[in-house]
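Reader: I'd like a close look at one part of this model, the empty space and what sits around it. Just talk me through it.

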Amino acid sequence: QHAEIDVELKEALLATLQRNDYIMGQDVRSFEQEFAAFHNVEHAIGVGNGTDALVLGLKALGVGSGDRVIVPVNTFIASSEAVSAVGALPLFVDIDAETMNIDCASLERALADNKDTVKVVMAVHLYGHPAPMERIKSICDSYNVRLIEDAAQAHGAEINGVRVGNFGDFATFSFYPGKNLGALGDAGALITNDHTLAKKVAMLKDHGRTEKYLHEIEGVNSRLDTIQAAALRVKLRKLDAWTDHRISVASSYSSYFNDLEVITPRTSEGYRHVFHLYVIRVKNRDQVLSELKSQGIMCGIHYPIPLHLQPAYTGLGFKKGDFPVAEAVAEEILSLPIDGHIDDSQVKRVVEGVKKSLL
């Protein structure tokens, strides 16, 4: 990826070094404007990382002690960590077996049983496939709870032509280097169409101030670094092309697996799945994983232990069997190599490795 943009990237980084505007510099403001335009929203606020984006957004909504936030149980722990960080409690729900996003029936049951304490529903666009936001929004509206989007894996994903970030009160993104849009280190952003929310997050991320020594509220230090913003601006211009390539690679994988005992990713009708990860399901997952690694093919599991079974959440009282779909999926999922530059010969090599492990 960096070889493709080598000249542009070096020019952008050098320009920042020459300006010496490392904190809240010109490239931060420009990236925020460009990233907001990319998702067709009014505001983007750059922050230190994707986890901070969730934390600051929840704080801006007034979520705190005594509140509960619904989180799908198959996601990275950052989703639930952010809830705990503001003093609230995560309330886990099961997932849909096909898309592995939040299951709407489980969501409705959780809201019905906890309608007095749930303040927010966090929809995670897992692996790059948007959660069913229109249905989720309808459910949230009926229970009068806020809706937020964890889009850390879904830069540019769409539902019927509408990009993620336009369905909830806000959406958050991670620019961890391995993401579809990755920085050169940690970085993140929050996007929203709510001017008041955007203004509060902008204060919270910079010590609660509106000008240098005027602090309206207590905040934190979670500013998007100017060097990272400069790199992200260069990469953002390439993101749609890189995403189109990911989608093409995913299509190739699925066609090659057509006659094998492999469950390939499903894309809902009208959705743009941006394939941050290409996740298959196989019965003998650990054997497949071992075989691929023996051939020098790196792959992973996202995520091997559902959140309710993590030691960190023992105190919440959940147990094995509470979320059967997520638990079953966790035994079978395997993430295969995919990015904006992998070629068909590499895809075929991966597929042959999977075939060999299934013999």
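Author: Let's settle the word pocket: on a 1 Å grid over the protein atoms alone, it is an open set of points with protein on both sides within 12 Å along at least five of seven lines, while a cavity is a set where a 1.4 Å probe fits but cannot get out, and lining residues have an atom within 4 Å of a point. Points are joined across faces, edges and corners, and a volume is the space filled by probe spheres set on them. This is a predicted model, where local features need pLDDT of at least 70 and side-chain atom pairs count only at pLDDT 80 or more, although totals for chains, interfaces and linings use all residues. Residues are numbered from 1 along each chain as its sequence is written, and side-chain values use heavy atoms, with hydrogens and water left out.

Now the pocket. The largest one comes to about 510 Å³. Its lining takes in 27 residues, and those nearest the centre are F76, S174, Y176, K179 and Y303. By class you get 12 nonpolar, 12 polar and three charged residues in that lining (Ala, Val, Leu, Ile, Met, Phe, Trp, Tyr, Cys and Pro count as nonpolar, Asp, Glu, Lys and Arg as charged, and the others, Gly among them, as polar). At least two lining residues apiece come from α3, α4 and β8 (170–174); these are DSSP runs numbered from the N terminus, helices being H or I with at least four residues and strands E with at least two.

Stay with Y303 for a moment. A cis peptide bond ties H302 to Y303, with omega at about 20°. Y303 belongs to the loop between α10 and α11 (324–330). Most residues other than glycine have a negative phi, and most peptide bonds are trans. On the phi side, look at H207: not a glycine, yet its phi is positive at about 60°. You'll find H207 in the loop that runs between α7 (195–204) and β10 (209–211).

Back to the two helices that help line the pocket. α3 (residues 50–60) packs against α4 (residues 78–85) at about 40°, and the axes are 9 Å apart (axes are lines fitted to C-alpha atoms, for helices over the stretch in contact, with angles from 0 to 180 degrees between N-to-C directions). That makes α3 oblique to α4; under 35 degrees counts as roughly parallel, over 145 as roughly antiparallel, 65 to 115 as roughly perpendicular and the rest as oblique. α3 crosses α4 in the right-handed sense, meaning the near helix is turned clockwise from the far one by less than a right angle, anticlockwise being left-handed. On the α3 side, T51, L54, V55 and L58 meet A78, S79, E81, A82, V83 and A85 of α4 (contact means heavy atoms within 4.5 Å). Those residues split into seven nonpolar, two polar and one charged.

The loop with Y303 starts from α10, so to speak of its neighbour: α10 (residues 285–294) and α12 (residues 344–358) pack at about 130° with axes 9 Å apart. That makes α10 oblique to α12, and their crossing is right-handed. Here Q287, V288, E291 and L292 of α10 touch V350, G353, V354, K356, S357 and L358 of α12, giving five nonpolar, three polar and two charged residues in the contact.

What about enclosed space? There is one cavity of 30 Å³ or more, and the largest cavity holds about 80 Å³. Around the largest cavity sit E98, T99, M100, L126, Y127, H129, P265, R266, H273, L277 and V279, a lining with six nonpolar, three polar and two charged residues.
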